[in-house]
Amino acid sequence: MKRDLLLFACFLLFIMSAPQFFAGGYLMNVLVFVGINTMLAIALNLLLGYAGQISLGHAGFFGMGAYLSGIMTTTYSLNPWIAMPVAAVVVGCLAGLIGLPILKLKGHYLAMATLGLGIILFIVFNETVDLTGGPSGLSGIPNIEFAGIVFDSDVKNYYLIWGVTLVVMLFSLNLASSRIGRALRAVHDSEVAAQVLGVNARILKVQIFALSAVISSLAGSLYAHTMTFISPASFGFNFSIELLTMVVIGGLGSIYGSFLGAALLTLLPEFLRGANDYDIIIYGALLMVMVMYMPGGLVRGFPDLFRKIFKKKAESGHA
Amino acid sequence: MNFKIISVASLLVTMLFAATVFAAAPIRIGALFAVTGPAAFLGEPERNSAKMVIDEINKAGGVKGRKLELIAYDTTGDATKAVQLATKLIKDDKVVAIIGPSTTGETMAVIPVAEKEQVPLISCSAGSKITDPVKKWVFKTAQNDALAVGKIYEYLQKTKQTTVSILTVSDGFGASGREQLKIQAAKYGITVVSDDTYGPKDTDMTAQLTKIRGTHSQAIICWGTNPGPAVIAKNARQLGIKTPLFMSHGVSSKKFIELAGEAAEGIKLPSGKVVVADQLASTDKQKKSLMAFVKDYQIHYKAEGDHFGGHAWDAVMLIKNAVESGADAATAIRDQLEKTKSFAGIGGSFNYSPQDHAGLGKDAFVLVEVKNKDWAIVK
């Protein structure tokens, strides 16, 4: 327990000191998106990594959060502080309602159902032109204001986004090591066994699905208020897959892994930009290598790698 | 002895450094194009054209002795990426102006960044809301959809056709066209009798066309970019629809004629003048620019220059002209851009003013018809 707290404190220090090194550059802007993606990866990881339920529709919840917040603050001039929780509650209720029937499905069928959900939401963003502005997007979304500070620069947004992300992280870490976390893992391993042991697997799955959607919606709202412009293209099927990749590359069932995955997938394209037209090929190859040689994700892969190198050195030292 | 050599050598080195400092630093221009992804048909020719024209300017000795340096990034058509890259261009690469992005969505996302950081942005996308209302730092070179719609309606009015069916694609381009088609109809005494849409990836539109056939409208107007409109042209032929078919400027490239084949014959559409450059009267102010652009593009890329590439060509030339009149920093370039008068580019004759950052009039478009697998101006 103490070790966990210490780890989180170190992480907090690491995140909060980052602007000292990057402030002023564009990397600051990318780090804001690392924060948003971390939140989304954690949300999906709670569902996929802990409860073992796949979702290919999370970009849809992310988009709903962004659009609900965006529409309420522009068309109806509500305060973002009211719009964000309202959006989260609406998305949570919707996810709960949909979750009830579709979480009875398993494996590929659940993947298909959530995929369908994501695509339906994407079509809604595109086609309800009067409400969402359609494919050309919704502009003029206000920045968030708190105690007289308008969050309109990258550095300010960094602290805002990461502040929320850290709270989400702490909450998820707690959840994961609580009774609920253990119940989730039990459902992951064997739903029947979990039920025999007195876990209401059906309700638990719906609850975690709704929670995951709520966090995604929150990330969406924050995205809308930092970008001040949203268009459906950002919430398509591709993004759902990208989120899934973040979770898998980072490490299933690890909150810090989600951060690593989100950070890697958000930053990697930026570093590969120097390779011009070949960046996509290198990007793909790197992902393949990582999945092949670090099946447990970055969070377990890196320590393993170090151990191997260290072990080899020790052996050669003996000889 | 040794000391002498060292001192001379160090003097030479210092001079060398001094010389590189005195040879004025290049003027850096940023560019954001969707070179890959769904909008690659816009981004690729745009990037090619921008590269081509900047290379040529530099070969000719640059502008006022200073070279231009193009820093182009691929946005993949993603608004989030466009914003990140715009920030990168401004903060890390320290560019004096940005060309692009390619799509209206990305442009709308980048506008707040350009406005806040006070860097002129010359968008290559068509959406009229980019410059309406006018934003201090934002200009555009692509023709407004409103002008294209006006061109078709003018022709319909002249030929006394009063009922139309519209069929638009459900993306940014189609949505904007649909809006303009409905708004402007009344002004030309035209009634829109049916209003249908199709998805960007649809491969069969017979359902919509069958419905349209039932309305007995006098003209069908389709608004989309390749390959949808080619499918519509073929479907219409299969269904034996004889109603005249109009398309948007979104398909005014040879690619469309290739895709639609025989079915393209007789289709009319408003287009930038670039596709009919050689047919223009020699009195046309744009003719010189157009011919040069088409020839250059053919030499460099062995392909037909289209009006998408032309948007980037225009943007680079507008910046070049601004630099020529003495501006080399963001603010001065913006002020000079706003003073641009009758610059005959690829997209049309540009006249910017504090009230108008789109700068084009109806003469930017000509109505063309597909005849013998080529474009012909409709007189």
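B:E117 is partly exposed in this predicted model, its relative accessible area being 29%. That value places B:E117 between the two cut-offs, because a residue counts as buried under 20% and as exposed over 50%. The side chain of B:E117 is engaged in a salt bridge with B:K91, with 3.9 Å between the closest N and O atoms. Because B:E117 belongs to helix 4 (residues 104-117) of chain B and B:K91 to helix 3 of chain B, the pair ties together parts that are 26 residues apart in sequence. The distance of 3.9 Å satisfies the criterion for a salt bridge, because that criterion requires the nitrogen to lie within 4 Å of a carboxyl oxygen.

B:K91 has a further partner. A:D154 also forms a salt bridge with B:K91, and here the closest N and O atoms are 3.4 Å apart. This pair crosses between chains: A:D154 is in helix 7 (residues 154-176) of chain A, while B:K91 is in helix 3 (residues 79-91) of chain B. How do the two ends of this bridge compare in accessibility, buried or partly exposed? A:D154 counts as buried, because its relative accessibility is 15%. B:K91 is partly exposed, with a relative accessible area of 21%. The two bridges of B:K91 belong to a network of salt bridges that links A:D154, B:K91, B:K116 and B:E117. In general terms, side chains of opposite charge can pair when their charged atoms come close.

Over all chains, the whole structure holds 19 salt bridges. One of the pairs in chain B is formed by B:D328 and B:R66, whose side chains meet at 2.8 Å, N to O. This pair links distant parts of the chain, 262 residues apart. B:D328 is in the loop between helix 11 (307-324) and helix 12 (330-338) of chain B, and B:R66 is in the loop between helix 2 (40-59) and strand 2 (68-74) of chain B. B:D328 is partly exposed, with a relative accessible area of 39%.

The backbone of chain B also deserves attention. Which peptide bonds that lead into B:P101 and B:P133 are to be noted, and in what geometry? The bond from B:G100 to B:P101 is cis, with omega near -10 degrees. B:P101 is found in the loop between strand 3 (97-99) and helix 4 of chain B. The bond from B:D132 to B:P133 is likewise cis, with omega near 5 degrees. B:P133 lies in the loop that runs between strand 4 (121-123) and strand 5 (138-140) of chain B.

Positive phi values occur at two threonines. B:T76, although not a glycine, has a positive phi of about 55 degrees. The residue B:T76 sits in the loop between strand 2 and helix 3 of chain B, and is partly exposed at a relative accessible area of 25%. In chain A, phi of A:T228 is near 60 degrees, again a positive value in a residue other than glycine. A:T228 is in the loop between helix 10 (201-227) and strand 4 (229-230) of chain A. A:T228 counts as buried, because its relative accessibility is 12%.

Chain A also offers two helix pairs. Two packed helices are described by the angle between their axes and the distance between the axes. For helix 2 (residues 27-50) and helix 12 (residues 255-272) of chain A, the angle is about 140 degrees and the axes are 7 Å apart. Helix 2 of chain A is therefore oblique to helix 12 of chain A, and the crossing is right-handed. Helix 3 (residues 58-74) and helix 4 of chain A pack at an angle of about 140 degrees, with their axes 9 Å apart. Helix 3 of chain A is therefore oblique to helix 4 of chain A. Why is this angle not termed roughly antiparallel? The term is reserved for angles over 145 degrees. The crossing of helix 3 and helix 4 of chain A is right-handed.

Helix 4 of chain A leads on to the surface. A:Y76, A:L78, A:I82, A:V86, A:V90 and A:L131 make a nonpolar surface patch of about 510 Å². Helix 4 (residues 80-102) of chain A gives the most to this patch, with 3 residues. A:V86 is found in helix 4 of chain A and is partly exposed, with a relative accessible area of 36%. A:V86 can thus count in the patch on accessibility, because patch residues need over 30% relative accessible area.

Terms used. Residues are numbered from 1 along each chain as its sequence is written. Chains are lettered from A and ligands numbered from 1 in the order in which they are written. This is a predicted model: local features need pLDDT of at least 70, side-chain atom pairs count only at pLDDT 80 or more; totals for chains, interfaces and linings use all residues. Side-chain values use heavy atoms; hydrogens and water are left out. Patches are made of residues with over 30% relative accessible area and no salt bridge: like charges are joined within 9 Å, nonpolar side chains (Val, Leu, Ile, Met, Phe, Trp, Tyr) within 5 Å. Accessible areas come from the Shrake-Rupley method with a 1.4 Å probe; for residues, only the protein chains shown count as cover. Helices (H or I, at least four residues) and strands (E, at least two) are DSSP runs, numbered from the N terminus. Buried means under 20% relative accessible area, exposed over 50%, partly exposed in between (1.4 Å probe, protein chains only). Axes are lines fitted to C-alpha atoms, for helices over the stretch in contact, and angles run from 0 to 180 degrees between N-to-C directions. Angles under 35 degrees count as roughly parallel, over 145 as roughly antiparallel, 65 to 115 as roughly perpendicular and the rest as oblique. A crossing is left-handed if the near helix is turned anticlockwise from the far one by less than a right angle, and right-handed if clockwise.
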